[in-house]
Amino acid sequence: MAEKLQTLIAGQWRHASGPEYTTEYPHDGSTVARLHAATVADVDEAVQCAEKARQHPAWAKLKHHERAGMLYRIANGIRERSEELAQLQRLDNGKPIKECRALVASAASTFQFFGAAAETWEDTITPSRGDFLSMSVNEPLGVVGAITPWNSPIASEAQKLAPALAAGCAMVFKPAEITPRMAIELAKIAQMAGIPDGIISVLPGKGSIVGDALVKHPLIKRIAFTGGTNVGMGIQRLAAEKLMPTSLELGGKSPTIVCADADLDHAVAGVLYGIFSSSGESCIAGSRAFVHESVYNEFKSRLLAGVKNLRVGDPSREDTHMGPLVNLGHRASVERYVQMGRDEGGTVLAGGVRPTGSYFDGGSYYLPTVFEGLPNSARMCQEEIFGPVLALLPWKDEADLIAQCNDNMFGLASGIWSRDFKTAWRIGRALQTGTVWINTYKVFSISTPFSGVKMSGYGQEKGRLGILEYTSQKSFYWGLNESPMPWAST
Ligand code: NAD
């Protein structure tokens, strides 16, 4: 019998009040955990309690270094349980274990970084333009909500919780229904680190019930959302009703550009990793590869040789490159896109099917898939598939290349492979994306901000100034002399 999970609601470890449901291991469909979904009443209880907890002196009056100490202890708590957390993350969404370990390590670093940011945070004395001292200070927004997707739970949850705690907020989480585990474990670690009861609650369940109630709750002062563009737009509409700030980290259809002078082996490895790691279930997946026509055939044959060498299989194995997709429903969606690509006239050069053999029967596996012969305007090249599907597109003229890359509603990330830094800089500045990788892909640093443009969303995660997203700014003016006010003699 699968383990039954409790969650943390309003300072109590208990079952949520809604119906029981199960989560499944994508490798073989076995049940991983049983737990209860939260209800609208649970949302209200968690938020009301968070509001009291965040105003209590035990949290509100902490000095910067004391709050930072708690974040450092969370970082250490994650590190002490790192292997266990990586294995739990693997069971939740089927990511290969090596990727899960990297996500756990990044979550620990995120708490350490924002601990340091909290400890060294300074209010600002602004240049005075009169006989007064002027200051700008930042204050916690209050109770904030976090809504997260299933593809990289521990990392995306840490990226919201760490700056929120550093700013002095309380946070109510709504993790993806199918991957609730990491948020629950983070809440345990945070409690052990001394975060007061009520400051963090975790409410598993459906977005349309729990997420919706969280967004609408009058005491929720901000929503940090990562997920699909349509859901993000719905959240923004609701947020407008109470002028609530949000950050929306949404979908992508990222172009990678291979220039004529690129180091082809390096570029092939980068493009393979960019699209097929995490089985393409990554917002920044490099799903459109624009390859200069002079190297197109050579690049294509090296890429296809690389695809043949990718090991698709059990995510618990150290040598697995690609695990299963997150579930059968998502695989069906990827299959519909592959069919659409065929119907639009594309040629499948690799994959385009499920792997065969009884080993794969219980899981939601799909082979790495490469298309060519599609124009950039094809739906398959325009819409986010969120799966292991790459479109190869030849290019000749740089202005036309840039126009094609930018001719997409998303603007999350892009990659450029060129030996000439001037070319890379010129193209990079012209691309409408929040992140540009040059001669690398999918590398991240917690100190570097992350955000999309266009329909990939807005609002900074990561980077020292990420804390500001969880604060409101207040100005002070202190009169410095006894000179009379303008109307003193009236
Ligand atoms: P999703 O939008 O379906 O769900 C995301 C979260 O929103 C889940 O917790 C879900 O339960 C909740 N939700 C759904 N409907 C809701 C509603 N009406 N009100 C409030 N909450 C609601 O996305 P997903 O399928 O879980 O994740 C995949 C998407 O996430 C992809 O589009 C991907 O690009 C995006 N993503 C973006 C980033 C980024 O940083 N830009 C990172 C990871 C994933």
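# A tour from the ligand shell to a small sheet

Start at the ligand and select helix 8 (207-216): this helix gives the shell around the ligand its largest share, three residues. Keep in mind along the way that you are looking at a predicted model.

**Stop 1: the shell around the ligand**

Keep helix 8 selected and add strand 11 (220-226); each of these two elements supplies at least two residues of the shell. Now widen the selection to the 24 residues around the ligand, and highlight T148, K174, G228, L250 and E384, which come nearest. If you colour the shell by class, you will find twelve nonpolar, eight polar and four charged residues.

**Stop 2: polar contacts of the ligand**

Which atoms should you zoom in on here? Begin with E384, where an N or O atom of the side chain is 2.5 Å from an oxygen atom of the ligand. Next, show the backbone of T148: one of its N or O atoms lies 2.7 Å from a ligand oxygen. Then move to G227, which also brings in its backbone, with an N or O atom 3.4 Å from an oxygen atom of the ligand. Switch on a surface to see the cover: on its own the ligand has 850 Å² of accessible area, and the protein covers 81% of it.

**Stop 3: the second largest pocket**

Leave the ligand for a moment and turn to open space. Rolling a probe the size of a water molecule over the atoms shows where empty space is left. The second largest pocket holds about 500 Å³ of space. Its lining counts 19 residues, and the ones to select for its centre are A60, H64, R67, P140 and A167, the closest to that point.

Which elements build this lining? Select helix 1 (40-55), helix 3 (64-80), strand 7 (132-140) and helix 6 (153-167), each of which supplies at least two residues. Strand 7 gives the largest share, three residues. By class, the lining of this pocket has eight nonpolar, five polar and six charged residues.

**Stop 4: a three-stranded sheet**

For the last stop, select strands 1, 5 and 4, which form an open sheet in that order with mixed pairing. On the edges you will find strand 1 (3-4) and strand 4 (20-24), each pairing on one side only. In which sense do strand 1 and strand 5 pair? Select residues 31-36 for strand 5 and compare directions: strand 1 and strand 5 are parallel, paired over two bridges. To finish, show K4 and look across to strand 5, where R34 stands opposite.

Note on methods: Residues numbered from 1 in each chain as written. Predicted model: local features only at pLDDT ≥ 70, side-chain atom pairs only at ≥ 80, totals over all residues. Heavy atoms only, no water. Pairing = 2+ DSSP bridges. Helix = DSSP H or I, 4+ residues; strand = E, 2+ residues; numbered from the N terminus. 1 Å grid on protein atoms, 1.4 Å probe; cavity = no way out; pocket = protein on both sides within 12 Å on 5 of 7 lines; lining within 4 Å. Points joined across faces, edges and corners; volume = space filled by probe spheres on them. Nonpolar A, V, L, I, M, F, W, Y, C, P; charged D, E, K, R; others polar. Near = heavy atom within 4 Å. Polar contact = N/O pair within 3.5 Å; in protein donor to acceptor, adjacent residues only side chain to side chain. Areas by Shrake-Rupley, 256 points an atom, 1.4 Å probe, with all protein chains shown as cover.
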